[in-house]
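Visitor: I have a structure to go through with you. Can we take it piece by piece?

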Amino acid sequence: MARKAIGTTITEHLLKQQRSHPQATGSLTHLLSELIVAAKVISREVNKAGLVDILGATGDVNIQGEQVQKLDIFAHRIITERMQHVGQLCCIASEEYADLIDIPPNFPKGDYILLMDPLDGSSNIDVNVSIGTIFSILKRQSSGSNVDYQLSDALQPGYRQVAAGYFVYGSSTILVYTTGTGVHGFTLIPSVGEFLLSHEDIKIPERGNIYSVNESNYAYWDNNTRDLVNYFKTMDAETKRPYTSRYVGSLVADFHRNLLKGGIFMYPADTKDPKKPKGKLRLMVEANPMAMIVEQAGGYASDGHGPVLEVEPQSLHQRTPLFIGSKQDVLLAESFISGNRR
Ligand code: AHG
Ligand code: MN
Ligand code: MN
């Protein structure tokens, strides 16, 4: 067979994955393909964000007289408007919107639900540190074309996700996704406008030597959490400690590094904000998609007491403590947090 001029495109890969699920109709492939188009638009905007800020600085009004959008609202709009047209969704959930978002009445609808964090790591936009988009796809449980979807259709535990992934807008733009048959990474080649397979069947090391946490929250942690972080910092030749510390404050970037290199990312519960007793990260749009990816890569995600993927959600925007990464490191964290460590 003739050698291909370029590598495997994301479209080829999605179709191959689709063929490996005999019952697949192509709906999920179509949905993911459209999401990728939206992410390419966001990637283009992210790459010129600094420039746009300078141009918009005089009054935050662009030449059409419109308010200059903050990138996270822009990302929310680009994805929502595009995905409302695809015909495969019954509703959308976004970190940027309180309720489920309907598909307009005259548009075709389907049985999938898209949940997303349109722009993750937004505090890093202005300083050129990697940011991203996180997505999770569920299939509604109630069915029938005349039946309106319910909130309960979206409030499904993470193990029911049919696909999950993220885009990192970093030194290059990368897509990492899973449909339940491994984790695959693609790099956007800007001159061609295509995502090409760059990281096939990613497996996270069983154990790493990186811990990633916002340690300035130390004063707000309970003793089990403090003991855990102290453990990673303590010298011990046999277990190759101390670990090294890496944290940029964008979940996508911190997670992506640890997925490739091994290690643990943590956002524990803390007492910093009484309104967020379970820490900062959201179960449905941050923890669950990353948990599906990490488990497909051979790792583990815990809320400190058990698998994140088994948490029964009560509300769309609920938060959860998160310990995620190499299996051995996360199991160890769980034993500290749940107080089972001798
Ligand atoms: P978002 O920008 O979507 O609100 O998410 C930010 C999150 C996540 O990306 C990151 O891991 C965490 O906030 C960082 O929080 P701290 O600044 O408290 O460390
Ligand atoms: Mn986020
Ligand atoms: Mn966000």
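Visitor: Which element gives the largest share of the lining of the second largest cavity?
Guide: This is a predicted model. The second largest cavity is lined by Leu 14, Leu 32, Leu 35, Ile 36, Phe 135, Phe 167, Leu 175 and Tyr 177. Two elements give two or more residues to that lining: α2 (27-47) and β6 (173-178). The largest share is 3 residues, and the element that gives it is α2.

Visitor: How do the residues of that lining divide into nonpolar, polar and charged?
Guide: The lining holds leucines at 14, 32, 35 and 175, along with Ile 36, Phe 135, Phe 167 and Tyr 177. Tyr counts as nonpolar here, as do Leu, Ile and Phe. The division is therefore no charged, no polar and 8 nonpolar.

Visitor: What is the volume of the second largest cavity, and what is that of the largest?
Guide: The whole structure has 3 cavities of 30 Å³ or more. The second largest has about 40 Å³. For the largest, the value is about 60 Å³.

Visitor: Which domains each give at least three residues to the lining of the largest cavity?
Guide: The lining includes Ala 93, Ser 94, Glu 95, Tyr 97 and Leu 115. Arg 282, Met 284, Val 285, Leu 316 and His 317 are also part of it. Among the elements, β1 (89-94) and α8 each supply at least two of the lining residues. The domains that each give at least three are domain 1 (10-199) and domain 2 (210-337).

Visitor: How many residues of the lining of the largest cavity are charged?
Guide: Glu 95 and Arg 282 are in the lining, and Glu and Arg both count as charged. Of the other residues, 6 are nonpolar and 2 are polar. The charged residues number 2.

Visitor: Glu 95 lines that cavity. Which metal ion does Glu 95 coordinate?
Guide: Glu 95 donates through OE. Asp 117 (OD) and Leu 119 (O) are donors at the same ion, and the distances are 2.2 to 2.3 Å. Along the chain, the donors follow the spacing E-x21-D-x1-L. The ion is the manganese ion (ligand 3).

Visitor: How many residues apart in sequence are the parts that Glu 95 and Leu 119 tie together?
Guide: Both residues are donors of the manganese ion (ligand 3). Glu 95 lies in the loop between β1 and β2, and Leu 119 lies in strand β3, so the pair ties together parts separated in sequence. The separation is 24 residues.

Visitor: Which residue bridges the two manganese ions, ligand 2 and ligand 3?
Guide: The manganese ion (ligand 2) has three protein donors, Asp 117 (OD), Asp 120 (OD) and Glu 286 (OE), at 1.9 to 2.1 Å. The manganese ion (ligand 3) takes Glu 95, Asp 117 and Leu 119. The two ions lie 3.8 Å apart, and the residue that bridges them is Asp 117.

Visitor: Which elements hold Asp 117 and Glu 286?
Guide: The donors of the manganese ion (ligand 2) follow the spacing D-x2-D-x165-E. The pair Asp 117 and Glu 286 ties together parts that are 169 residues apart in sequence, because these two donors lie in strand β3 (residues 112-120) and helix α8 (residues 283-296).

Visitor: Is Asp 117 buried or exposed?
Guide: The cut-off for buried is under 20% relative accessible area. Glu 286 has 2%, and Leu 119 has 1%. Asp 117 has 0%, so Asp 117 is buried.

Visitor: Which residue in β4 stands opposite Asp 117?
Guide: The sheet is open, with 8 strands in the order β2-β1-β3-β4-β5-β6-β7-β8 and mixed pairing. Its edge strands are β2 (101-102) and β8 (194-199). β3 runs antiparallel to strand β4 (residues 131-139), and 7 bridges join them. Opposite Asp 117 in β4 stands Ile 134.

Visitor: Which element gives the most to the lining of the second largest pocket?
Guide: That pocket has a volume of about 420 Å³. Of its 20 lining residues, the closest to the centre are His 21, Ala 24, Thr 25, Leu 28 and Tyr 112. α1 (10-19) and α2 each give two or more residues to the lining. The most, 4 residues, comes from α2.

Conventions:
Residues are numbered from 1 along each chain as its sequence is written. Chains are lettered from A and ligands numbered from 1 in the order in which they are written. This is a predicted model: local features need pLDDT of at least 70, side-chain atom pairs count only at pLDDT 80 or more; totals for chains, interfaces and linings use all residues. Side-chain values use heavy atoms; hydrogens and water are left out. Donors are N, O and S atoms within 2.8 Å of the metal (3.2 Å for Na, K and Ca); water is not among the atoms, so sites may look incomplete. Buried means under 20% relative accessible area, exposed over 50%, partly exposed in between (1.4 Å probe, protein chains only). On a 1 Å grid over the protein atoms alone, a cavity is a set of points where a 1.4 Å probe fits but cannot get out, and a pocket is an open set with protein on both sides within 12 Å along at least five of seven lines; lining residues have an atom within 4 Å of a point. Grid points are joined across faces, edges and corners, and a volume is the space filled by probe spheres set on the points. Domain bounds come from an automatic or database domain assignment. Two strands pair if DSSP finds at least two bridges between them.
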